[in-house]
Amino acid sequence: MAARTGASTRLPDARRLAIWIAGLTIGAVTLWLLGDVLLLVFAAALLAVGLRGGAERVSGLVGCTPRIGLLLVSLSILLLMAGAAVLGGTHLADQGSQLWDQLGNAVAQVRDWLRQYSWGRSIVAGASPQESAQQGQRLASNLGVAVMGMIGGLASIVIVLVAALYFAATPGDYIGGLVRLLPKRRRRRAHEVLGAVGATLRQWLAAQGLSMLLITAMSYIGLLLLGVPMALLLSLIVGLTNFVPYIGPIAGAIPAVLVAFGAGMQTVLGTVALFAGIQFIEGNLIQPLLQKRMTRLPPALTILSQTLLGTLFGIGGVILATPVLAVTLVAVRMLYVEDVLGDRAAADE
């Protein structure tokens, strides 16, 4: 009798383990086959969360429906973009062409500077004129591929924008349809989890947007004081790349440092010190203040998620790695720590 009882208790455990293994296998295969599509869907959902949050805020202030609020928010964004294009579009376009030329000259100046040192000459020696010509030929041959990639990227952006507007206009339809795929006893909890995920993404977007705005302003003022050319365009690049934590600020600072080579080594050192100071202020002042309103993301997990998603999905994975990590942490906390382990006290810490 005891043997039968032990076998009967092991059977459900084995069945549950088999279900989990099958589910994880199906999820991994789906992610492998449809990863790019799922990434676009997540990008659209992330943008929709931001638009819906703004629409609800506007509807509360104006006293209109959320759909009217979404229309007002969308029109406001379009007007701001049109105004920026009219007021500074030509200036930014000129700076863009100048930046392209300046970066080419800056690379040559960096090469000349490296030749002044023995360790630098060993680095430059790896790029012979013949190899440089071959690289140029490969670059020209890949130009068509790059153009097709740009067209595909623009098409993806249009798809994300249109899908985000539909998601933001009627989120209940899509959330309800997703929840109906689950058993009835799980639907209430699914609504709670999706609500927490939406709130987390909304808070993360608001905090990240404010951080990007502050970084752009500080970069612009600092570059102006240092006398670095094209300060407006370079500060915008720094602010936009700051959307990707840790990796983005470093990538965004590289064009400014290269352009600073044209003004001398003192300006280069000043530019490096400027961005180091900005990152210190962000890490020790801005982010601690913003983290009170957003989910805390461990730096090690953030970098690992960027590496993993970047390896799987390229630059799109790197850009969306942080919000994906935020969603994953919320799901693990609610579905595993709270529901499976029953440890709600640890989840609230």
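User: Which residue forms a salt bridge with E56, and how far apart are the closest N and O atoms?

Analyst: In general terms, a salt bridge is a side-chain nitrogen of Lys or Arg within 4 Å of a carboxyl oxygen of Asp or Glu. In this predicted model, the partner of E56 is R52, with the closest N and O atoms 3.4 Å apart. The two residues belong to helix α1 and lie 4 residues apart, so about one helical turn separates them.

User: Are E56 and R52 buried or partly exposed?

Analyst: The idea is to compare the relative accessible area with a cut-off: buried means under 20%, exposed means over 50%, and partly exposed lies in between. E56 has 38% relative accessibility and therefore counts as partly exposed. R52, at 15%, is buried.

User: How many salt bridges does a search of the whole structure find?

Analyst: The search finds 5 salt bridges. One of them joins the side chains of E338 and R189, at 2.8 Å from N to O. This pair links distant parts of the chain, since E338 is in helix α12 and R189 in helix α7, 149 residues apart. E338 and R189 are both buried.

User: With which other residue does R189 form a salt bridge?

Analyst: R189 also forms a salt bridge with D339, where the closest N and O atoms are 3.0 Å apart. This pair too links distant parts of the chain: R189 is in helix α7, D339 is in the loop between α12 and α13, and their positions lie 150 residues apart in sequence. R189 has 18% relative accessibility, so R189 counts as buried, whereas D339 has 35% and counts as partly exposed. Through shared partners, salt bridges join R189, E192, R333, E338 and D339 into one network.

User: Helix α7 has appeared already. What is R202 in contact with, leaving aside its neighbours within four places in sequence?

Analyst: Contact is read from heavy atoms within 4.5 Å. R202 lies in helix α7, which covers residues 184-226, and is in contact with V49, G53 and E56. The C-alpha atoms of R202 and G53 are 6.7 Å apart in space, although the two residues are 149 apart in sequence. R202 itself is partly exposed, because its relative accessible area is 34%.

User: What does V73 show when read in this way, and where is V73 found?

Analyst: V73 is found in helix α2, residues 66-114. Apart from its neighbours within four places in sequence, V73 is in contact with L51, G54, A55 and V58. From the C-alpha atom of V73 to that of A55 the separation is 6.1 Å, and the two residues are 18 apart along the chain. V73 has 13% relative accessibility and therefore counts as buried.

User: Which residues does T322 touch, not counting those up to four places away in sequence?

Analyst: T322 lies in helix α12, residues 315-338, and touches W204, P245, L297, T302 and Q306. With a relative accessible area of 2%, T322 is buried.

User: Why does the span of helix α9 agree with its number of residues?

Analyst: The expected span of a helix is 1.5 Å times one less than its number of residues. Helix α9, residues 247-260, has 14 residues, so 20 Å should be spanned; the end C-alpha atoms are 21 Å apart, which agrees. A kink of about 25° lies at I254, shortly before the proline P255.

User: Which residues of α9 are buried?

Analyst: The buried residues are G248, P249, G252, A253, P255, A256, V257, V259 and A260. Among them, A256, V257 and A260 are in contact with T271. T271 lies in helix α10, residues 265-290, and is buried, with a relative accessible area of 0%. The other contacts of T271, beyond four places in sequence, include L223, L226 and V228.

User: Turning to the surface, which residues make the nonpolar patch?

Analyst: The nonpolar surface patch, about 980 Å², is made by V29, L31, W32, L33, L34, V37, L38, V41, L308 and L312. Helices α1 (2-62) and α11 (299-313) each supply at least two of its residues. The largest share, 8 residues, comes from α1, while L308 has its place in helix α11.

Notes. Residues numbered from 1 in each chain as written. Predicted model: local features only at pLDDT ≥ 70, side-chain atom pairs only at ≥ 80, totals over all residues. Heavy atoms only, no water. Bend = angle between axes of the 7 residues up to and from the residue. Buried < 20%, exposed > 50% of the residue type's maximum accessible area, 1.4 Å probe, protein only. Patch = residues over 30% accessible without salt bridge, like charges linked within 9 Å, V, L, I, M, F, W, Y side chains within 5 Å. Areas by Shrake-Rupley, 256 points an atom, 1.4 Å probe, with all protein chains shown as cover.
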